[in-house]
Amino acid sequence: MRNVLAFGAGAGGALAIAAGAAFVTTSVTVAVGRSIISARKKKTGITCGVCSGERRVSCKLCKGKAVIDWSPFPNAMVKRYCLCPTCGGKQLQKCLNCLGKGYV
Ligand SMILES: [Zn+2]
Ligand SMILES: [Zn+2]
C-alpha cells in the first residue's frame, strides 16, 4: 500500500515538473522570438526623422506647456487652464510617425 502511494506521488511530481519545464521553455522561446523580431526590425529600421529616435515629441496640443487655455465661453474674461488631455501634463506625446518606437 505504501509503495502504491509513493508511486502515485512520484508520478504526480514528475508530471508537475514536466508541465513546469514545458511552461518555462515556452515562455523563454516566446521571449527570445520577440527579441529577435524587434532586433531585426531595429537593424533594418531607420531612425525616425520626426522625433530623431527620441520616441516622444513635444505635445502638439499644449505645445509643451502641459496645460491648455480652455474656456467654455469664447470671450470669457477669465481663462481657465486645464491639464492637457493629450499628454496628461507630461509635455510630451508619443511620436505618431514611428508610433513611439524611435525608428521606422
Ligand atoms: Zn518618431
Ligand atoms: Zn500636452
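Cysteine 84 touches Cys59, Leu61, Cys62, Ala66, Val67, Ile68 and Gly89, leaving aside residues up to four places away in sequence; touching, or being in contact, means that the C-beta atoms of two residues, placed from the backbone, lie within 7 Å. This is a predicted model, in which local features need pLDDT of at least 70 and side-chain atom pairs count only at pLDDT 80 or more, while totals for chains, interfaces and linings use all residues. Residues are numbered from 1 along each chain as its sequence is written, and chains are lettered from A and ligands numbered from 1 in the order in which they are written.

Cysteine 84 sits in the loop between E3 and E4. Helices (H or I, at least four residues) and strands (E, at least two) are DSSP runs, numbered from the N terminus. Cysteine 84 counts as buried because it has 22 C-beta neighbours inside 10 Å. The cut-offs behind that word are simple: a residue is buried if 20 or more other C-beta atoms lie within 10 Å of its own, exposed if 12 or fewer, and partly exposed in between, with C-beta atoms placed from the backbone. Lysine 65 is 19 residues away from cysteine 84 in sequence, yet the two are 8.3 Å apart in space, C-alpha to C-alpha.

Proline 85 belongs to the loop between strand E3 (80–83) and E4. Proline 85 has 11 C-beta neighbours inside 10 Å, so it counts as exposed. From C-alpha to C-alpha, proline 85 and isoleucine 68 are 8.7 Å apart, with their positions 17 residues apart in sequence. Glutamine 91 is also placed in the loop between E3 and E4, and here the backbone does something a little odd: phi is positive, at about 70 degrees, although the residue is not a glycine. With 16 C-beta neighbours inside 10 Å, glutamine 91 is partly exposed.

Stepping back to the whole chain, there are one helix and four strands, and they follow the pattern α-β-β-β-β along the sequence. Buried residues make up 10% of the 104 residues. Of the contacts with a separation of 6 or more, 62% are between residues 24 or more positions apart. As for confidence, pLDDT is the predictor's confidence in each residue, from 0 to 100. The chain has a mean pLDDT of 76, and 57% of its residues reach 70 or more. Confidence is lowest in H1, with a mean of 58, and highest in E1, at 95.

The largest nonpolar core takes in five residues, namely Cys48, Cys51, Val57, Cys95 and Cys98. A nonpolar core is a set of buried Ala, Val, Leu, Ile, Met, Phe, Trp, Tyr and Cys residues joined through C-beta atoms within 7 Å. Within this group, valine 57 touches Val50, Cys51, Leu92, Gln93 and Cys95, again not counting residues up to four places away in sequence. Cysteine 95 comes in the segment after strand E4 (92–94). It is buried because 20 other C-beta atoms lie within 10 Å. With residues up to four places away in sequence left out, cysteine 95 touches Cys48, Val50, Cys51, Arg55, Arg56, Val57 and Gly100. One of these partners, arginine 56, is 39 residues from cysteine 95 in sequence but 4.8 Å from it in space, C-alpha to C-alpha.

Asparagine 97 lies in the segment after E4 too, and it is partly exposed because 13 other C-beta atoms lie within 10 Å. Its contacts, not counting residues up to four places away in sequence, are Cys48, Val50, Cys51 and Val104. The C-alpha atoms of asparagine 97 and cysteine 48 are separated by 7.2 Å, although the two are 49 residues apart along the chain.

Serine 52 is found in the loop between helix H1 (2–44) and strand E1 (56–58). Although serine 52 is not a glycine, its phi is positive, at about 55 degrees. Serine 52 is exposed because 11 other C-beta atoms lie within 10 Å.
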